[in-house]
Amino acid sequence: MSETTTLINLQKRIKGDKVIWAIVFILSVFSLLAVYSSIGTLAYRYKEGNTYYYLFKHLFILLFGIFLMYATHLIKYTYYSRLSQLLLIITIPLQLLTLFTGTNLNEASRWLTLPIINLSFQTSDLAKLALIMYVARLLSKKQDEIKDFKSAFIPIMLPVLIVCGLIFPANFSTAAILFATCFILMFIGRVNIKYLLAFMGIGLVIISIALAIAFKYPHVLPRFETWKNRIENFKSGETNNNYQVEQAKIAIATGGVFGKLPGKSIQRNFLPHPYSDFIFAIIIEEYGLAGGMLIVFLYVILLFRAIKIASKCDKVFPALLVVGCALILIFQAFINMAVAVNILPVTGQTLPMVSMGGTSIWFTSISIGIMLSVSKSYEIEDKTEEEEIEK
């Protein structure tokens with residue numbers, strides 16, 4: 001079979017927005033190169049210097065993520081509306097289980113360890129996807145009464161408050177990103193603006209009360225001291241208390257315009273998490289400002305393509321689904337990059353499709369697969385219309 005035939009067959013099998021597929025491919029290549037370059041310290045600590053162990057593990061995670069994306073994009077987007085109800089029902093007890101019995105790391109219970117396969121699973125990744133799908137469904141179903149407080153606003157607001165409230169104690173930044181995404185979805189979904197302002201006020205009041213309680217009784221919210229220290233260190237700018245940020249700054253400053261070239265990073269030996277939270281600093285050190293700007297550009301294009309797909313939708317659910325899935329990825333990406341360049345305090349957010357990780361990459365892949373599913377459906381409709389016109 002010739003290469004041309006293979007390429008044509010591949011194009012037939014891969015549907016949906018081709019630009020998004022290309023972005024995923026480029027981000028995956030950057031991910032493999034940056035992760036392989038930055039896992040030396042981790043490998044020497046746990047695998048006697050065997051970097052191939054982490055390289056092949058990450059390659060498997062990426063390939064399985066792309067498989068999930070492919071499988072997800074083959075499913076018609078309408079199925080995700082009903083599936084969201086089931087996922088939300090599963091999500092709430094899972095969050096409670098994680099909160100009280102989850103694997104605790106740095107005073108944060110974010111993971112459940114699956115028995116037998118011994119795989120750590122961050123349940124907030126499922127919660128983010130389930131809630132966005134569910135909010136998009138409700139906004140779509142209630143368009144005829146969307147301005148009403150009791151029949152529309154309350155049913156939409158309650159799951160948002162419950163899910164974000166359950167994520168908040170262990171993962172403030174994820175809860176805030178999810179809350180912001182749902183807020184924007186409700187705004188686009190034509191929820192009454194005065195209710196939205198009330199919604200924002202309720203959120204701020206709940207957070208303020210929780211922080212006030214944590215200030216008085218630190219044992220109630222173990223992560224509070226960590227958040228407080230991070231904000232104080234960010235504001236003070238003292239180098240002794242900002243070790244990670246200082247190392248990231250050195251990596252960025254020494255990267256120059258075109259970087260030190262792949263595998264030449266120095267700061268990977270000093271940054272505590274160069275393969276996850278601070279991978280953007282390693283990319284800039286090795287690929288320079290040009291490489292960093294390319295990564296930013298790819299995420300901007302991803303958002304632009306999502307908006308373009310949404311603009312083609314003649315129904316509310318797919319449009320909000322695409323925008324919601326894209327927004328939460330973009331928020332996460334820009335917060336990660338802002339932390340690396342010291343615009344924001346340290347949050348622990350990973351860089352989607354680039355940072356080393358298991359379930360986070362898989363859920364990111366599923367989110368992109370859902371966007372591609374919507375894109376595929378409207379491509380088919382466009383082609384059908386064109387064929388009818390030609391007849």
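Trainee: Hi! Is Leu-261 buried or exposed?

Mentor: Leu-261 is exposed, at a relative accessible area of 52% (exposed is over 50%, buried under 20%, partly exposed in between, with a 1.4 Å probe and protein chains only). Bear in mind that this is a predicted model, where local features need pLDDT of at least 70, side-chain atom pairs count only at pLDDT 80 or more, and totals for chains, interfaces and linings use all residues. Residues are numbered from 1 along each chain as its sequence is written, and side-chain values use heavy atoms, without hydrogens and water.

Trainee: Thanks! Where is Leu-261 found?

Mentor: Leu-261 sits in the loop between helix H11 (243-255) and H12 (helices are DSSP H or I runs of at least four residues, strands E runs of at least two, numbered from the N terminus). Phi of Leu-261 is near 85°, a positive value in a residue other than glycine.

Trainee: Why point out a positive phi?

Mentor: Because most residues other than glycine have a negative phi. Met-353 also has a positive value, with phi near 65°.

Trainee: And Met-353, buried or exposed?

Mentor: Met-353 is buried, with a relative accessible area of 2%. You'll find Met-353 in the loop between helix H13 (316-340) and helix H14 (359-390).

Trainee: New topic: which residues form the nonpolar patch on the surface?

Mentor: Phe-25, Ile-26, Val-29, Leu-33, Leu-294 and Phe-297, which together have about 540 Å² of accessible area. Patch members have over 30% relative accessible area and no salt bridge, and nonpolar side chains are joined within 5 Å.

Trainee: Which helix gives the most to that patch?

Mentor: H2, with four residues. Helix H2 (18-38) and helix H12 (279-312) each supply at least two. Leu-33 is in helix H2, and Leu-33 is partly exposed at 42% relative accessible area.

Trainee: What about the inside? How many cavities of 30 Å³ or more are there?

Mentor: Four, and the largest holds about 70 Å³ of space. On a 1 Å grid over the protein atoms alone, a cavity is a set of points where a 1.4 Å probe fits but cannot get out, and lining residues have an atom within 4 Å of a point.

Trainee: What lines the largest one?

Mentor: Its lining includes Gln-95, Arg-110, Thr-123 and Leu-166. The lining residues divide into four nonpolar, six polar and one charged.

Trainee: Which element has the largest share of that lining?

Mentor: H5, with three residues. Helix H5 (78-101), strand S2 (108-114), helix H6 (123-141) and helix H7 (149-167) each bring at least two.

Definitions and conventions: Patches are made of residues with over 30% relative accessible area and no salt bridge: like charges are joined within 9 Å, nonpolar side chains (Val, Leu, Ile, Met, Phe, Trp, Tyr) within 5 Å. Accessible areas come from the Shrake-Rupley method with a 1.4 Å probe; for residues, only the protein chains shown count as cover. A salt bridge is a side-chain nitrogen of Lys or Arg within 4 Å of a carboxyl oxygen of Asp or Glu. On a 1 Å grid over the protein atoms alone, a cavity is a set of points where a 1.4 Å probe fits but cannot get out, and a pocket is an open set with protein on both sides within 12 Å along at least five of seven lines; lining residues have an atom within 4 Å of a point. Grid points are joined across faces, edges and corners, and a volume is the space filled by probe spheres set on the points. Ala, Val, Leu, Ile, Met, Phe, Trp, Tyr, Cys and Pro count as nonpolar, Asp, Glu, Lys and Arg as charged, and the others, Gly among them, as polar.
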